[in-house]
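Trainee: Could you walk me through this model before I get back to the bench?

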Amino acid sequence: MSVPLNVLFWVVVIPGTIVLGLVASWIVRKVSALVQYRVGPPIFQPFYDVAKLMGKEILIPEQAQQTVFMAAPLVGLAGLLLLSIMLWRITITGTAYLGDIVVAIYLMVLPSLALILGSSASASPHAAVGTSREMKLIMSYELPLVLAFIVVIIKTGGQLSLAAIAERAPIFSISGFLAFLVALLCVQAKLGFVPFDIAEAETELGSGVLMEYSGALLALWKLSQATMLVVLPLFLVMVFLGGFGTAGWPLLWGIGKYVLMLVLVILIKNTNPRMRIDQAMKFFWVYCGLTLAFAITLATIGNYCGIGWL
Amino acid sequence: MSWKIWALKKSPWVFHVNAGACNNCDIEIVDLLTPKFDVERFGIKLVGSPRHADALLVTGVGTKQAAIRLREVYRQTAKPCVVFCIGACACGTGIFEGAYHVAGPVDKIIKEEDPNAIIAYVPGCPPKPEAMISGVVKALSVL
């Protein structure tokens, strides 16, 4: 990559990711509206929302731990943007290093951890219930998510670098497909979408973890949710579906794969009722855990005997 | 017009407060979100917490019990915000005028908290969803 292009990349990457994320969150709302035979919001709606929240008053509860309360949204957004820079770097310039998939897994936990910190610092009983649910949810889906990536690592012959993993598409094998299904559901839980919007539960907790946030701080949370809509499906595409190209058909094909991921997530969101937290835990640990144990066994056997489709 | 007001008009998020209503107005409010009226077209969204809200949709007469909570909810709402009195009871106590449990029409309760509050009235028992949309549009256009 030449120097001007490199400079352009660093200038564009963060605003670009956020704008893409806001457009993706418009797609989520629009497709949900179409599923329900509604018209849905105009395309600039997420931008209006964020602009409006930026101009509103910031209220901080009296008993809140102010520093943590105000720093948490920044930490969450920063972690996600860092992850997005890593992914774009790998996609566009092929710059990768050994073990970046591990770093990516850690960075993906950061927004959820920030959410837990921020909401528990807000001294609200509703937020406290939301926090405890979010914690249990993280404990439920983190293990299956990491196991799903382990299946991929086994399938690609012990590769720990995302650039090398993105060259193959492990989804075209039985174990890879099972791992992909589980990872898709984990991403659903990470995004906080229905069946797993247990922590945000608008109907009974009044938006739970985000309850006490207002104004610009809430706008930061909305931005990090929007960024997640770019980063997590992109990560799935890179790990399971063979990644993006940078020009021509591979690029179009890559965009198609990303949109497919997004639409799958939206359709799951719109066709399922919310689970209780104990149901979610049982679902991830028992059903997804067993599926992944099976997938890992298959992948290991396939690797040992040299059968690609297993 | 400052950009803050412009953005507020483009995405008014509403929080629904029941200050002792008979549930009739509440049903009509939820009607606004159904496919027939679909107010999400205008960016109007029902939110679960007053801290996220730009408009309070207050239904009901404002009983003595509810008045304390209504003032608390108004204090917790991030400003600038608009208060909508939905229905005959909220606008002027309706058939409950002078009853022992009534703390006053909603605008009186809110004005005790903040004399400069922006209050809009949508009368009717219950008001039609079309009337509510029209009320929201009129209130936003004078902001």
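Mentor: We can take the fold of chain A, then the core, then the contact between chains.
Mentor: This is a predicted model, in which local features need pLDDT of at least 70 and side-chain atom pairs count only at pLDDT 80 or more, while totals for chains, interfaces and linings use all residues. Residues are numbered from 1 along each chain as its sequence is written, and chains are lettered from A and ligands numbered from 1 in the order in which they are written.

Trainee: How many helices and strands are in chain A?
Mentor: Chain A has 11 helices and 0 strands, where helices (H or I, at least four residues) and strands (E, at least two) are DSSP runs numbered from the N terminus.

Trainee: And which residues in the largest nonpolar core touch the most other members?
Mentor: Those are Ala179(A) and Ala183(A), in a core of 90 residues, meaning buried Ala, Val, Leu, Ile, Met, Phe, Trp, Tyr and Cys joined through C-beta atoms within 7 Å; buried requires 20 or more other C-beta atoms within 10 Å of a residue's own, with C-beta atoms placed from the backbone. Helix H9 (residues 215–240) of chain A supplies the largest share of this core, 19 residues.

Trainee: What share of chain A is buried?
Mentor: Buried residues are 47% of its 310 residues.

Trainee: Switching topic, how many residues of chain B are in contact with chain A?
Mentor: On chain B 19 residues are in contact with 25 residues of chain A, contact being C-beta atoms, placed from the backbone, within 7 Å. Helix H1 (residues 3–10) of chain B gives the most to that side, with 5 residues.

Conventions
Contact = placed C-beta atoms within 7 Å. Buried ≥ 20, exposed ≤ 12 C-beta atoms within 10 Å, placed from the backbone.
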